[in-house]
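Here is a set of questions and answers on how labels follow from cut-offs. The structure comes first.

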There are 2 protein chains.
Amino acid sequence: MTQSEENYLKAIYHLTTITDTDVSTNAIAETMETKASSVTDMIKKLAEKDLVNYKKYQGVSLTVKGSLAAKMIVRKHRLWEVFLVEKLDFSWDEVHDVAEQLEHIKSEKLINKLADFLGNPTEDPHGDPIPDANGDVQKVEKQLLSELNIGQNGICVGVKDTSSEFLKYLDKQKISLGSQIEFLEREEFDLSLKIKVDHTILSISNKIASNIFMKLN
Amino acid sequence: MTQSEENYLKAIYHLTTITDTDVSTNAIAETMETKASSVTDMIKKLAEKDLVNYKKYQGVSLTVKGSLAAKMIVRKHRLWEVFLVEKLDFSWDEVHDVAEQLEHIKSEKLINKLADFLGNPTEDPHGDPIPDANGDVQKVEKQLLSELNIGQNGICVGVKDTSSEFLKYLDKQKISLGSQIEFLEREEFDLSLKIKVDHTILSISNKIASNIFMKLN
DNA sequence: AAATATATTTAGACTACACTAAAAATAAGT
DNA sequence: ACTTATTTTTAGTGTAGTCTAAATATATTT
C-alpha cells in the first residue's frame, strides 16, 4: 500500500465517522486539498483492491478490509502523537505534521512495541481514541461544551478542531485535557459563555465552546 | 528532497567513506540494487541541485552541501536505531529496515529532540558513529579483529557487516559491543582464530574476524 | 418537466522514477 | 596500437500520481 493510498483511506475514514453516510468525491478532494479528478482515479484503484465500495456517481464507503486498514493508520498516527508529546516533549499543537509522516512507517513490530513502550494508551493528546491492534475503537461519550446547560460541569476530554491556532489559544487560556470546567452563564447578545476553568473565570466565544469536548461529572 | 534522492545521497556517502575516491555509476547501481541507467538519471538531477560533482563518465563525489545532507540522513538513521534498540527493545539485527524508513521523516525538531531523549549518543548499536547536528562525525580508531597480533586484546567496538545473519551469529556466540576479546592463537591450516570472549574460549573463522572491529586495551 | 447549476467522470498531458535496448566512451588484453 | 570487453550514457517506454479541460450524470430551480 502506497502512502497516497493510505492518505485517501484515512480521509475517507474520517469523513465517514463524522457524516456516517457514503462519502462524496468532492468531500474527499476538499479534505485532501486535491482535485476531484484525482480522487476519482484513486477511488477506482482502491475499489480494485477491495478497500472501498464504489458505484459511479454514488460516492464511496470503506469495505471491512479498508476500514481496518484505515484504523491501523489512525492507530499509528495517534500513538506517534502520544510519543511526541509524552516522551519528546512536543506541545499538542506541534505533533500533527510529524505524525502525518510517521503514520506511514511500515512495521507491525514497531507499532506494537511503541504501544507497549507508551503503556498502551487509549487516547491521543487531543482526546481522540486510539484503535487497538485489532482495530477496535473505544467510544468515549462526550459532548460539546457549547451544548451544556447552565450550571453543569465536567472535565475537558478532547477537542474537535485540532488546528495549531486553536490549540495555541487553549494553551493561552490554560485549558487542557483534564481541566475542570463549569458552565456559569450565557451571554445572549453574542452567545458567548462565562466559564470557570480550574479556578479562574473567563469568557469564551460560542465558536470556541463548540470545539471543546466535555465529559460531565 | 525526495526519498529517492536521499537514498542516492546516502549510498554515495557510504561508498565514498570506504573507497575515498570518486564513486562509479555501477557501484551506486549495485549498492542500490537498481540499473546503471537509472543512476545516471538521478545523478544528473543531484548535480543540477548542486549536491554532487559530476562529469560524464568520470564518476561522482558529494559537494559540501551534498555531504552535509547525506550526514543528516545517516544521523537520523543511526539515532532511530539507538531508539529502537534502547527504548523499544529491538535486537541489533532487527533495526535496519525500520530505520531505513524512519530516516526519511522530515523534522529538525523531531530529530534533535530524539537525540536529547536518547542522551545524545555518539554511536549506533553497531558501533558506527552518529554525526552531530552540525554534521561532524567523530572518528573512532579501531581495527579488525583479524588484523590483531597474537596476545593482543581489547573490546569489540563495532561490526563491518551489519547483515542480520552475521549479527545473529554474534548473538549466538555472545559477542556484542563492549565484549572483552583476546586473540589467543591462529590456526594456520584455515586461518581460523582462537579467541577468549569475556571468559569463554572459542574458535572463529577468519571471515568472521574480519568483520569485527576492535579497540585495543 | 425543462432548464440550469453542480458534481463527477473521462480524456489527455505532465513529472518523478524506474526500466530495456542501443549507442558512445573508457579500460583492458594481446 | 588496435581490437575487445566493460562501463556509462542516451533514447524511448511504462507506472503512479497529479493536473486541466471537456463531457456526462445528478440535483435544483422555476
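Q: What makes a residue count as near DNA strand C, and which come nearest?
A: The cut-off is one heavy atom of the residue within 4 Å of the strand. Of the 21 residues around DNA strand C, the nearest are Lys44(A), Tyr54(A), Lys56(A), Thr34(B) and Lys45(B). This is a predicted model: local features need pLDDT of at least 70, side-chain atom pairs pLDDT 80 or more, while totals for chains, interfaces and linings use all residues. Residues are numbered from 1 along each chain as its sequence is written, chains are lettered from A and ligands numbered from 1 in the order written, and side-chain values use heavy atoms, without hydrogens and water.

Q: Which part of DNA strand C lies within 4 Å of the protein?
A: Sugar or phosphate supplies 82% of those atoms of DNA strand C, and bases the rest.

Q: What makes the approach of Thr25(A) to DNA strand C a polar contact?
A: A polar contact is a pair of N or O atoms within 3.5 Å (within protein, one must be able to donate a hydrogen and the other to accept it, and residues adjacent in sequence count only if both atoms are side-chain atoms). A polar side-chain atom of Thr25(A) is 2.9 Å from a phosphate oxygen of the strand, so the pair qualifies. Thr40(A) also has a polar side-chain atom 2.9 Å from a phosphate oxygen of DNA strand C. Ser37(B) reaches a base oxygen of DNA strand C at 3.0 Å.

Q: Which side chains have such pairs with DNA strand D?
A: Ser37(A) has an N or O atom 3.0 Å from a base oxygen of DNA strand D. For Thr25(B), the partner is a phosphate oxygen at 2.9 Å. For Lys44(B), a phosphate oxygen lies at 2.3 Å.

Q: Why are Leu110(B), Ile111(B), Leu114(B) and Ala115(B) called buried?
A: Buried means under 20% relative accessible area, exposed over 50%, partly exposed in between (1.4 Å probe, protein chains only). These residues of helix α6 (108–117) of chain B are the buried ones, so each falls under that 20% limit.

Q: How do you know which side of α6(B) they share?
A: They cover an arc of only 130° around the axis (from the directions from the helix axis to the C-beta atoms), so they sit on the same side of α6(B). On the other side, Glu108(B) and Asp116(B) are exposed.

Q: What do the buried residues of α6(B) pack against?
A: They pack against α4 (64–87) and α5 (95–102) of chain A, together with α4 (64–87) of chain B. Contact here means heavy atoms within 4.5 Å.

Conventions. Helix = DSSP H or I, 4+ residues; strand = E, 2+ residues; numbered from the N terminus.
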